[in-house]
Structure formats: structure tokens, C-alpha cells
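Please open the model in your viewer and keep the sequence panel beside it, since each stop on this tour begins with a selection. Hide whatever is not selected if the view becomes crowded.

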Amino acid sequence: MPIFHAKCTCGALSLEVDGDPVHNHVCTCTRCQRASGSALAHNVWFPEENVRVVSGEYSVWYPQGETTPDVMKAFCRICGGGGFSKSGTYFPGTVVIAGGTFADPSFPAPDHVHWWDNRPHWLDLAEPIERLAGN
């Protein structure tokens, strides 16, 4: 079983994950564009019990007025990067980690794109990745 290591930008917040992702995609919806500060977000889901915070402290933000622990975004208190989130009813019992925080060239590639029609007009991806018009 693989072990993956994720870190925030400054390296203070470090996560460790046992096992392969249960869901691995790129999303170009406007919410993910704004959250990532980029044209897309690489979102990777793991079973919650397989994710451990190894070091660092994090702050939590609840999007869109949510106040439940199953819909949240956690990020490094120092640099604001890295972290993890939970998406509530979309894959309950899982933790979402940004693919880029693994900074590992051998990390599994996403297998599809959500909200392809919302991408910036200039964005194109490798042909083998499935493109879904909406969620």
C-alpha cells in the first residue's frame, strides 16, 4: 500500500496518507478556480481514516455559511497553503487534499475533469482524460 506525503507551501503543515485515492479529478468550476487561484483544481479524495496530520497547526474555514465539520476547508496557519477539506455529501467519510501538495511526479494522474465547460477558453488537457460538462 503506498504512503503519500503532502505539505503546505512553507512545510509547517504536513499530512501523511495511506493507500490509493478513492476519487481523483481535476475541476474547472468557478468555485474551484477561485479556491485554487488557478484555472483548475486537482482534488484527491482519501478515506478519512487513512489521513493523518503529521506536523503543524491549521485553521478551519466553513464555506457558504456552513458550520458542520463535514463541510470545511483547513489550511496552514503560517502560509495559508496546503491543508485539506471535507465536502459533505459528496463522498462522505473522505478527506480532500489538493494534488499539488504532494509534489510527487509519480502521484496518480486524475482520471477525469468536472465542469469542463466552465474552463478558461485557453485550457486544454491530455486526451485520455474524460471531460464532463457539469458535475
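Select Trp45 to begin, in a model that is predicted; this residue counts as buried, at 4% relative accessibility. Add Tyr90, which at 27% relative accessibility counts as partly exposed, and view the two rings together. Trp45 and Tyr90 make an edge-to-face aromatic pair, with 5.4 Å from centre to centre and 70° between the planes. The pair joins distant parts of the chain, for Trp45 lies in strand β4 (residues 41-47) and Tyr90 in the loop between β8 (84-87) and β9 (94-98), 45 residues apart.

Next, select Tyr58 and Phe84, another aromatic pair that is edge-to-face, with 5.0 Å centre to centre and 75° between the planes. This pair also links distant parts of the chain, Tyr58 being in strand β6 (residues 58-61) and Phe84 in strand β8, 26 residues apart. Is each of these two partners buried or partly exposed? Tyr58 counts as partly exposed at 31% relative accessibility, whereas Phe84, with a relative accessible area of 9%, is buried.

Keep Phe84 selected and show its surroundings: leaving aside residues up to four places away in sequence, Phe84 touches Leu15, Val53, Tyr58, Met72, Lys73, Ala74, Val95, Val96 and Ile97. Then widen the selection to Val17, Phe46, Phe84, Ile97 and Phe102, the residues that touch the most other members among the 14 in the largest nonpolar core. To see which strands contribute, colour β1 (3-7), β2 (14-18), β4, β7 (71-76) and β9, each of which supplies at least two residues of this core.

From that selection, carry Phe46 and Phe102 over to the next view and add Phe4 and Phe107, because these four form one aromatic cluster. Across the whole model, the count of aromatic pairs comes to nine.

For the last stop, turn to the cysteines and select Cys32 with Cys27. Why is there no bond at Cys32? The closest cysteine sulfur, that of Cys27, is 3.8 Å from the sulfur of Cys32, which is too far for a bond, given that a disulfide requires sulfur atoms within 2.5 Å. Now select Cys76 and Cys8: Cys76 is in no disulfide, and the sulfur of Cys8, the nearest cysteine sulfur, is 3.7 Å away. Cys32 counts as buried at 17% relative accessibility, and Cys76 is buried too, with a relative accessible area of 2%. For the model as a whole, the count comes to zero disulfides.

Methods
Residues numbered from 1 in each chain as written. Predicted model: local features only at pLDDT ≥ 70, side-chain atom pairs only at ≥ 80, totals over all residues. Heavy atoms only, no water. Buried < 20%, exposed > 50% of the residue type's maximum accessible area, 1.4 Å probe, protein only. Phe/Tyr/Trp six-rings, centres within 6.5 Å; stacked < 30°, edge-to-face > 60°. Helix = DSSP H or I, 4+ residues; strand = E, 2+ residues; numbered from the N terminus. Core = buried A, V, L, I, M, F, W, Y, C linked by side-chain atoms within 4.5 Å. Contact = heavy atoms within 4.5 Å.
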